[in-house]
Amino acid sequence: QGMLFVFDKSGVYAIWMKDMKFAIDILWISDDKKVVDIAQNVVPEPGKKDRELTIYTPKADAKYILEVNAGITSLNNIAVGETVDF
């Protein structure tokens with residue numbers, strides 16, 4: 001299971017871990033459904049103020065962001081450049 005964010009157009013969309021309770025993997029996916037970047041095992045930062053939270057930014061434009069439980073990408077050998085289906 002995961003959470004899929006869909007944007008109107010491709011761009012460099014950053015993610016932070018505000019109010020998250022558990023670690024996740026973040027996948028940025030292009031409009032042609034190729035993985036363009038992955039941040040693995042991104043952990044919550046409890047006690048930090050919003051302006052102190054780490055911001056995760058992809059290396060390429062994406063139209064979709066998929067957040068899944070930490071470890072899912074390595075467990076399934078998902079890598080940058082692979083095509084996803086949803």
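Colleague: Let's start with F86: is this residue buried, partly exposed or exposed?
Modeller: Happy to start there, bearing in mind that this is a predicted model. The relative accessible area of F86 is 42%. Buried would need a value under 20% and exposed one over 50%, so F86 counts as partly exposed.

Colleague: Which charged residue sits over the ring of F86?
Modeller: The place to look is the hairpin formed by β3 and β4, with 5 residues between the strands. In that turn, one residue has a positive phi of about 65 degrees. Its charged end lies 4.7 Å from the centre of the F86 ring, and the residue is K33.

Colleague: F86 also pairs with Y64; is that pair stacked or edge-to-face?
Modeller: The two ring centres are 4.9 Å apart, and the planes stand at 80 degrees. Planes over 60 degrees apart count as edge-to-face, those under 30 as stacked. The pair of Y64 and F86 is therefore edge-to-face.

Colleague: How many residues apart in sequence are the parts that this pair ties together?
Modeller: Y64 belongs to strand β6, residues 62-69, whereas F86 is in the segment after α1 (72-75). Y64 is buried at 11% relative accessibility, while F86 is partly exposed. The parts that Y64 and F86 tie together are separated in sequence by 22 residues.

Colleague: The whole structure has 2 aromatic pairs, so what is the angle between the planes of F7 and Y13?
Modeller: These two rings have their centres 3.8 Å from each other, and the pair is stacked. Both residues are partly exposed, F7 at 22% and Y13 at 21%. The angle between their planes is 5 degrees.

Colleague: Turning to the interior, how many residues of β3 are buried?
Modeller: I24, I26 and W28 point one way from β3, and D25, L27 and I29 point the other way. Both sets are buried, so the strand is largely enclosed by the rest of the structure. The count for β3 is 6 of the 6.

Colleague: Which strands each supply at least two residues of the largest nonpolar core?
Modeller: That core has 10 residues, including I24, I26, W28, V36, V42, A62 and I65. Another core, of 6 residues, lies apart from it, with L27, I29, V35 and I38 among its members. For the largest core, the strands are β3, β4 and β6.

Colleague: Which residue in β4 is the bridge partner of I29?
Modeller: β3 and β4 are antiparallel and pair over 5 bridges. I29 is in β3 and is buried. Its bridge partner in β4 is V35.

Colleague: And which residue of β6 does D25 stand opposite?
Modeller: β3 runs antiparallel to β6, with 6 bridges joining the two. D25 points to the side of β3 shared with L27 and I29. Opposite D25 in β6 stands V68.

Colleague: Where β1 meets β6, which residue stands opposite G11?
Modeller: β1, residues 2-11, also runs antiparallel to β6, and 6 bridges join them. The partner of G11 is a member of the largest nonpolar core too. That residue is A62.

How values were computed. Residues are numbered from 1 along each chain as its sequence is written. This is a predicted model: local features need pLDDT of at least 70, side-chain atom pairs count only at pLDDT 80 or more; totals for chains, interfaces and linings use all residues. Side-chain values use heavy atoms; hydrogens and water are left out. Rings of Phe, Tyr and Trp (its six-membered ring) pair if their centres lie within 6.5 Å; planes under 30 degrees apart count as stacked, over 60 as edge-to-face and the rest as tilted. Buried means under 20% relative accessible area, exposed over 50%, partly exposed in between (1.4 Å probe, protein chains only). Helices (H or I, at least four residues) and strands (E, at least two) are DSSP runs, numbered from the N terminus. A charge sits over a ring if NZ of Lys or CZ of Arg is within 6 Å of the ring centre and within 35 degrees of the ring normal. A nonpolar core is a set of buried Ala, Val, Leu, Ile, Met, Phe, Trp, Tyr and Cys residues joined through side-chain atoms within 4.5 Å. Two strands pair if DSSP finds at least two bridges between them.
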